[in-house]
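Dear colleague,

I am handing over the structure below, together with some notes on what I found when I went through it. Please look at it first, and then read on with it open beside you.

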2 protein chains.
Amino acid sequence: MTLVLSNDEIAELLPISDCLARLDDVYKEAGNQRAISRPRSDMYGPVHDRGRYVFKTMDGLVPKYEVAAVRLNSDVIRWSSGPAGVRKDKQPVAPGDKWVGLVLLFSTRTGEPLAIMPDGVMQRLRVAAANALAAKYMVQRGPSVYALIGSGWQAGAQALAMAEVFSFADMRIYSPTRENRERLAAELRARLAVPVKAVEDAPAATRDADIVGIATNSINPVVELEWLAPHAHVSCVNERELGEGILEHSSLVVVHSRSDRPYNYIVGAGEQPIRAHDPQEGLPDELKQARASRPAGGVDLSTQPDLGELLTGQVQRPKNGTLTCFVNNIGLGLQFAALGALAYERARQRGLGREMPTDWLLESVHP
Amino acid sequence: MTLVLSNDEIAELLPISDCLARLDDVYKEAGNQRAISRPRSDMYGPVHDRGRYVFKTMDGLVPKYEVAAVRLNSDVIRWSSGPAGVRKDKQPVAPGDKWVGLVLLFSTRTGEPLAIMPDGVMQRLRVAAANALAAKYMVQRGPSVYALIGSGWQAGAQALAMAEVFSFADMRIYSPTRENRERLAAELRARLAVPVKAVEDAPAATRDADIVGIATNSINPVVELEWLAPHAHVSCVNERELGEGILEHSSLVVVHSRSDRPYNYIVGAGEQPIRAHDPQEGLPDELKQARASRPAGGVDLSTQPDLGELLTGQVQRPKNGTLTCFVNNIGLGLQFAALGALAYERARQRGLGREMPTDWLLESVHP
């Protein structure tokens, strides 16, 4: 039987502490070249009345867990111009106002499909865990103050993952809407034995913070260099969230992957991938003017060490008291293979999930 | 409901004539840059007791049919040395001694998963139809004699597809094992109103043939230039099947895709794709010496016109009486999107297939 899991089941099966341990292990496999990912690719269709269709896939293979996985997103997206610049939103236009993101897990011993899972909870966990692991291996002294910029679903997970790795004396949250930041602060206070404050602005949040986590969907800078303590560790999911000079002044920049842009295939542009560092990739023409294009500065992300290298000691530790930065720039298929395998093993043990006859997904012929 | 189809249903839903019409249409979409594919990638695991695991994916997007698709293969493969050189075989090690190849079809309007289908029958049809379409647009005068080298499942489909496009006076089949070639000749005689003969050797099959189809799993030449009529049209799935000089003497070479090698990711070799024209990509060390490496000659396949360009008149027609060649070098995701959409539409009309709640494959969150 092939298991079909839900996001609720995956959340139950994958506590953040176990995600950290599993991903710590798989990044070491990757750093030792024993696990691989096929970098993400995005295919963009033309704009239709609901938005622009994008089909995104990435693959991962982890021999240690005897699994391979494809993670895919079948999205209708819309860009819009708002006060904080251009933002991209996935439209929930599948039946029931839902989204479509899947992880398919396969056995490398038999080839058979083991499980089909939604990607949402795993996506949230993998981003948060990667940031926490980067901090675990980059931050030298026990940090005391954690600042979080952002208050969405993703931001909450980041705080929980960081709190698994470090014992903070203080957490501060800033996001532009008071109600949101106060809601997240209350949630985190209820779950963590740490004082958590919602603060009025980003400079107040980041002042003297040892770790600054950025979890927004902004494509404009949200943290400036002059706000940061000299020894701060900063993590972001997109380098455009970083103010000018942060990367340049960091003594160590680690990236999630050096394949830091997806291979883009756009209807009308032929089949050659478009990989230039163009922030307007795939953007509808009507929004191209609205989108800020910041020069990347003096730091070439495609030549920085990656997380696997960091975790396997292939990176020189930064000097005490210097700025460091982790750019969690793009997802990797091996994250979904690793977390998917863990969710699958546990679901089998606990009898969770719905079953679909594996034979429906096998074939007796191959040309 | 998401439809799950079987190979038998797909064979019933997709007669070769309809595949030809659908693919004729989609190659024109591609030639006009209105349909795209994300080129195939292969991830190779290490060798285990059953063979070497390979996870292969390719994606396609066809706005005209409002679909995107991923086609994936989760295979355990083995290479072996035999009298005809090195051959690669997929091991049927999934439960019930089966293989694993799937096409997942998605709506570009809503993002939702429409269908899950095995890839075997579609793979056979798409290869055969592409060869027949190439011949339809490259062969000038009505051809009279068709020679087929190979007698496997794939070869049979090629003969059926060619016979849809042309009225042959004569068909000849050669493959090394008499029993196999005679079985296929008898099968084709029963289905086609054409004399079909099994012949003793490849020179006898190809002599004066107007079209020569090669459908073997050999990686060594099986047809030589000096056997061919000056005006012959040759199609193959792998240029290593062609004897020295065939490509070089062709007045027109068309390829299925200029992205003619998969992006290979090999455990132990890091995450950078390996795309050199190395016929030993992914081959276990113990077989590397056994495999012939033939120089590609003077023809660079990555600069030849592709099938979409041929079908949209972007290629100058060859002179009458000259050799032409179609190299059906690699599959494209858009073939599976196009044929998958056709199978899906018809299965819905006819009430075929098993159903799975689409809601199992949707999600209410996305980070």
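Which residues touch the most other members of the largest nonpolar core? Of the 239 residues in that core, the answer is A:A129 and B:A129. Please keep in mind throughout that this is a predicted model.

Taking the chain B copy, and leaving out residues up to four places away in sequence, B:A129 touches B:I16, B:C19, B:L20, B:L23 and B:A161. Among these, B:I16, B:C19, B:L20 and B:L23 are also buried residues of α2(B), while B:A161 is one of the buried residues of α4(B), and it therefore makes sense to take these two helices next, since 10 of the 13 residues of α4(B) are buried and that helix is largely enclosed by the rest of the structure.

Helix α4 of chain B runs over residues 153-165, and at 1.5 Å a residue its 13 residues should span 18 Å; the end C-alpha atoms are 19 Å apart, which agrees. Its buried residues are B:A155, B:G156, B:A157, B:Q158, B:A159, B:L160, B:A161, B:M162, B:A163 and B:V165. What covers them includes the helices α2 (16-31), α3 (120-138) and α5 (178-191) of chain B, together with the strands β8 (145-149), β9 (170-174) and β11 (211-214) of that chain.

For α2(B), the 16 residues should span 22 Å at 1.5 Å a residue, and the end C-alpha atoms are 22 Å apart, which agrees. The buried residues of α2(B) include, besides those that B:A129 touches, B:R22, B:V26, B:Y27, B:E29, B:A30 and B:G31, and the buried residues of this helix pack against β3, α3, α4, α9 (307-311) and α10 (333-350) of chain B. Just after α2(B), B:Q33 takes a positive phi of about 60°.

Strand β3(B), one of the elements against which α2(B) packs, is mostly covered, with 12 of its 12 residues buried. It runs antiparallel to β2(B), to which nine bridges join it, and the two strands form a hairpin with two residues between them. Within this pairing, B:Y44 has B:V54 of β3(B) as its bridge partner.

The strand β2(B) leads on to the contact between the chains, where 69 residues of chain B are in contact with 69 residues of chain A. On the side of chain B that touches chain A, at least two residues each come from β2 (36-48), β3 (51-62), β4 (67-82), β6 (101-107), β7 (113-118), α3, α4 and β16 (354-356). The most is given by β2(B), with eight residues. By type, the residues of this side divide into 33 nonpolar, 22 polar and 14 charged.

How are the two chains related to each other? Chain B can be laid on chain A with an RMSD of 0.0 Å by a turn of 180° and a shift of 0.0 Å along the axis, and that is the relation of a two-fold axis. In chain B, the C-alpha nearest the axis belongs to B:M356, which is 4.2 Å from it. The same surface serves both copies, in that 100% of the contact residues of chain B recur in chain A.

Another buried position worth a look is B:V234, which lies in strand β12 (residues 233-236) of chain B. With 28 other C-beta atoms within 10 Å, B:V234 is buried, the cut-off being 20 or more. Leaving aside neighbours within four places in sequence, B:V234 is in contact with B:V212, B:V223, B:L228, B:I246 and B:C325. B:V234 and B:A147 are 87 residues apart in sequence, yet 9.4 Å apart in space, C-alpha to C-alpha.

Finally, two loop residues of chain A deserve a check of their backbone angles. Most residues other than glycine have a negative phi. A:E66, in the loop between β3 (51-62) and β4 (67-82) of chain A, has a positive phi near 55°, and A:D97, in the loop between β5 (85-91) and β6 (101-107) of chain A, also has a positive phi near 55°. A:E66 is partly exposed, with 17 other C-beta atoms within 10 Å, whereas A:D97, with 10 C-beta neighbours inside 10 Å, counts as exposed.

With best regards

Technical notes. Residues are numbered from 1 along each chain as its sequence is written. Chains are lettered from A and ligands numbered from 1 in the order in which they are written. This is a predicted model: local features need pLDDT of at least 70, side-chain atom pairs count only at pLDDT 80 or more; totals for chains, interfaces and linings use all residues. Helices (H or I, at least four residues) and strands (E, at least two) are DSSP runs, numbered from the N terminus. The expected span of a helix is 1.5 Å times one less than its number of residues. Two residues are in contact if their C-beta atoms, placed from the backbone, lie within 7 Å. Ala, Val, Leu, Ile, Met, Phe, Trp, Tyr, Cys and Pro count as nonpolar, Asp, Glu, Lys and Arg as charged, and the others, Gly among them, as polar. Copies are superposed by least squares on the C-alpha atoms of residues with pLDDT of at least 70 in both. A nonpolar core is a set of buried Ala, Val, Leu, Ile, Met, Phe, Trp, Tyr and Cys residues joined through C-beta atoms within 7 Å. Two strands pair if DSSP finds at least two bridges between them.
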